[in-house]
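Trainee: I would like to go through this model and check the terms we use for it. Can we start with the strands?

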Protein chains: 2
Amino acid sequence: MGPTMHDVARVAGVSIKTVSNVINDYPHVRPGTRDRVIEAIEQLDYRPNLSARGLRSGRTGVIGLAVPSLRENYFAELADSVIRAAEARGLGVIVEQTGGQRDKELLAVSTSRPRFLDGLLFSPVSLGQEDAGALAIDGPLVLLGERIFDGPTDHVTMHNMSSAQAAVQHLLEIGRRRIALVGADLNGIDETSSASLRLKGYMRALEEAGIEMDPALVRTTEMSRWNRAGGAEAAHLLVRDGVEFDAVFALSDTLGLGVLRALGEENLRVPDDVAVIGFDNIDESNYSVPSMTTVDPGREEIAVLAVDRLIERISEKTADRRPPETVKPEFRIVKRESTGFPTIEGE
Amino acid sequence: MGPTMHDVARVAGVSIKTVSNVINDYPHVRPGTRDRVIEAIEQLDYRPNLSARGLRSGRTGVIGLAVPSLRENYFAELADSVIRAAEARGLGVIVEQTGGQRDKELLAVSTSRPRFLDGLLFSPVSLGQEDAGALAIDGPLVLLGERIFDGPTDHVTMHNMSSAQAAVQHLLEIGRRRIALVGADLNGIDETSSASLRLKGYMRALEEAGIEMDPALVRTTEMSRWNRAGGAEAAHLLVRDGVEFDAVFALSDTLGLGVLRALGEENLRVPDDVAVIGFDNIDESNYSVPSMTTVDPGREEIAVLAVDRLIERISEKTADRRPPETVKPEFRIVKRESTGFPTIEGE
DNA sequence: CGGTTGGTCTACAACGTTGTAGAGCAACGT
DNA sequence: ACGTTGCTCTACAACGTTGTAGACCAACCG
């Protein structure tokens with residue numbers, strides 16, 4: 001066990017409260033005293049005991065981040081952004097993986113609080129509108145992603161519909177008309193899922209262009225989660241079903257990368273035979289063969305916004321609580337080889 | 001603030017210590033009393049305050065994981081494995097990113113302790129043998145990866161040399177003789193880096209096969225870290241330098257994926273013209289075009305071993321401290337299309 | 001010159017938990 | 001019948017920090 005404030009106080013010849021005051025930048029400390037304390041701290045290599053601080057002040061300086069899985073690149077990169085944003089503000093991040101399973105997601109919300117978190121960033125996948133109530137109980141909570149609209153908490157999301165629409169418009173602009181969509185979720189007609197919102201953007205873009213939607217072009221994925229295998233499978237099925245198509249809008253980059261792979265196996269050339277656009281702008285999409293055009297939903301900004309919102313909520317007095325907010329960063333289309341643009345290095 | 005032990009004690013009609021005893025499975029509690037306490041806990045939805053527990057008992061149930069970056073797939077997947085292993089044992093994981101920078105790595109070791117971690121899993125990149133001393137001070141610490149051998153702590157690593165040798169043997173077995181190596185680190189002749197150890201394996205395999213090593217085939221990467229861009233660059237240079245080669249051993253999968261991309265751009269066919277093998281077995285390598293043969297160093301097992309070692313160290317009395325151990329899981333070669341084998345789904 | 005103000009510091013009591021010491025009581029052996 | 005044992009439970013004191021209340025002193029005001 002390291003030195004405590006008592007040790008520092010003894011060395012500096014002050015009371016422990018003065019040490020505490022120096023550490024917490026309490027203004028009324030004489031410069032000379034402050035220096036003595038700082039010197040003592042350095043001499044002893046004193047570090048505050050965060051458990052004690054957490055007990056006394058109710059804050060631990062640690063927040064939680066609950067995501068489906070770090071094996072999904074989007075969430076790994078999101079975690080990277082969140083951790084860096086949190087670190088810049090002096091917070092640690094405990095990462096929990098829900099596997100996208102409903103029970104583990106519910107658990108993450110209810111069980112993570114006792115883990116002495118100051119707050120939780122939560123990216124649910126399985127929880128839906130009907131679970132909004134389950135989120136009301138706990139401490140500061142900021143939702144990430146699409147699900148659970150109008151919940152009792154802040155929500156950082158993305159322009160799913162309009163960015164999906166822009167993605168399809170991009171395909172239309174380069175002359176494609178038979179645009180397949182991979183990753184639709186037609187099981188529960190769940191209005192609040194990313195899949196549904198992006199599908200809606202797809203339909204709008206087609207409608208505006210005066211193209212009738214062909215249901216044969218809208219493909220679901222069998223796998224429970226969006227991944228490369230799902231994308232590959234969907235693309236294989238498209239080809240083997242004999243559906244004619246000259247472009248694919250994959251609802252996530254990992255799906256899109258699976259599509260790229262499958263198209264290669266089917267001897268279809270990208271973008272000559274089939275153009276492909278993904279969604280998420282994960283690092284990997286810039287290095288696939290060919291590099292993949294995608295929608296950058298503003299992940300980095302999502303992380304910063306979310307951490308800042310959470311910090312606000314944490315420091316908020318229960319009295320003057322603002323009503324829950326929903327914020328969305330700007331999106332952009334990153335044009336790459338899979339739709340006929342050269343890859344820009346470092347993009 | 002939620003209910004405390006006092007509240008539970010009052011409801012159950014016992015002392016707080018009895019509540020504590022029930023929670024900590026202290027044996028001498030009458031079944032009836034135990035039931036009353038459990039019922040009170042459930043009725044109040046009581047959750048122990050981990051700050052208080054941490055203060056009193058010196059344990060917080062949280063460990064740290066310091067890795068270069070979650071954007072590197074290998075580390076994202078390692079983090080996934082570690083978090084799952086830790087969760088199974090009731091521990092939370094705070095993830096810190098060092099960016100592979102020396103100062104941040106040193107900071108991670110010295111600063112993370114006050115963050116009330118019970119222990120730290122640390123995967124250094126920049127720290128070397130000369131920093132072994134810096135690791136002696138702190139609490140339970142388990143190193144991951146190659147660097148800092150013979151340090152004062154447990155070390156979970158991998159069979160770098162023999163698995164690299166096996167990788168090259170695989171290329172030799174399929175008839176390749178001009179085997180390039182991408183990702184060498186020739187700056188500091190640092191005996192303890194993954195790069196050096198894998199290079200050594202490469203040389204041994206060639207030697208055993210009676211092939212003389214051609215320095216023109218051994219390529220460094222300009223970028224500070226192993227990534228796709230570095231692999232692509234190295235492959236482009238190989239071609240443009242006019243070096244003849246029929247296989248590439250990439251010292252990491254991300255390097256290998258960059259190599260695959262660059263070879264495609266150079267109109268070289270994989271594996272017909274050039275066979276490629278990587279190292280790490282990240283998920284992505286199974287979905288590249290073509291899928292990439294690689295060395296699986298046993299990442300999942302590394303995580304489990306590391307977490308278990310750390311837990312042992314945490315619960316160890318200072319008296320009967322075992323000497324530091326170094327453990328390595330088994331490796332295996334995962335054969336895929338980039339060396340002429342069909343991809344096995346789910347592999 | 002007495003009273004007030006405000007800057008600087010200290011003493012003390014919490015925060016919620018667990019370790020220690022020991023009280024109470026039934027069962028047992030002698 | 002009485003000490004001993006062992007199970008069950010309780011009271012109390014920590015753990016290291018911060019909030020509260022207030023002491024002390026110099027500077028200032030009237």
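Trainee: In what sense do strand E10 (residues 293-296) of chain B and E12(B) pair, and over how many bridges?

Mentor: Keep in mind that this is a predicted model. E10(B) and E12(B) pair in the antiparallel sense, over 3 bridges. Pairing takes at least two bridges, so this contact qualifies. One position to look at is B:Val295, which stands opposite B:Ile333 in E12(B).

Trainee: What makes E8(B) and E9(B) a pair, and in which sense?

Mentor: Again there are 3 bridges, here in the parallel sense. The threshold is at least two bridges, so they count as paired. B:Ala247 has B:Ala275 of E9(B) as its bridge partner.

Trainee: What makes the sheet pairing mixed?

Mentor: Strands of a sheet can pair either parallel or antiparallel. E8(B) and E9(B) take the parallel sense, while E10(B) and E12(B) take the antiparallel one. The sheet of 6 strands is therefore described as mixed, in the order E7-E6-E8-E9-E10-E12 of chain B.

Trainee: Which strands are the edge strands of this open sheet?

Mentor: Strand E7 (218-220) and strand E12 (332-334) of chain B are the edges, since each pairs on one side only. Across the sheet, neighbouring strands are turned by 20 degrees against each other on average, direction ignored.

Trainee: Why is E9(B) called largely enclosed?

Mentor: Buried requires 20 or more other C-beta atoms within 10 Å of the residue's own. In E9(B), 5 of the 5 residues are buried, so the rest of the structure largely encloses this strand.

Trainee: How do you know that both faces of E9(B) are covered?

Mentor: In a regular strand the side chains alternate between the two faces of the sheet. On one side of E9(B) sit B:Ala275, B:Ile277 and B:Phe279, and on the other B:Val276 and B:Gly278; all are buried.

Trainee: Which strands does helix H7 (residues 160-173) of chain B lie across?

Mentor: H7(B) lies across strand E6 (179-184), strand E8 (247-250), strand E9 (275-279), E10 and E12 of chain B. H7(B) runs at about 165 degrees to E9(B). Helix H8 (residues 194-208) of chain B also packs on the sheet, touching E6, E8 and E9 of chain B. The direction of H8(B) makes about 170 degrees with that of E6(B).

Trainee: Now the chain contact. How many residues does each chain bring?

Mentor: Chain B gives 38 residues and chain A gives 38 residues. On the chain B side, H5(B) gives the most, with 6 residues. By class, that side has 18 nonpolar, 9 polar and 11 charged residues.

Trainee: What makes a residue count as part of the surface near DNA strand C?

Mentor: The C-beta atom must lie within 6 Å of the strand. Around DNA strand C there are 25 residues, the closest being A:Ser15, A:Thr33, B:Met5, B:Ser20 and B:Ala52. H4(B) gives the most to this surface, with 5 residues.

Trainee: And which residues are closest to DNA strand D?

Mentor: They are A:Met5, A:Ser20, A:Ala52, B:Ser15 and B:Thr33, out of 25 that surround DNA strand D. Here H4(A) gives the most, with 5 residues. The classes are 10 nonpolar, 9 polar and 6 charged.

How values were computed: Residues numbered from 1 in each chain as written. Chains lettered and ligands numbered in written order. Predicted model: local features only at pLDDT ≥ 70, side-chain atom pairs only at ≥ 80, totals over all residues. Helix = DSSP H or I, 4+ residues; strand = E, 2+ residues; numbered from the N terminus. Axes fitted to C-alpha atoms, helices over the stretch in contact; angles between N-to-C directions. Contact = placed C-beta atoms within 7 Å. Nonpolar A, V, L, I, M, F, W, Y, C, P; charged D, E, K, R; others polar. Buried ≥ 20, exposed ≤ 12 C-beta atoms within 10 Å, placed from the backbone.
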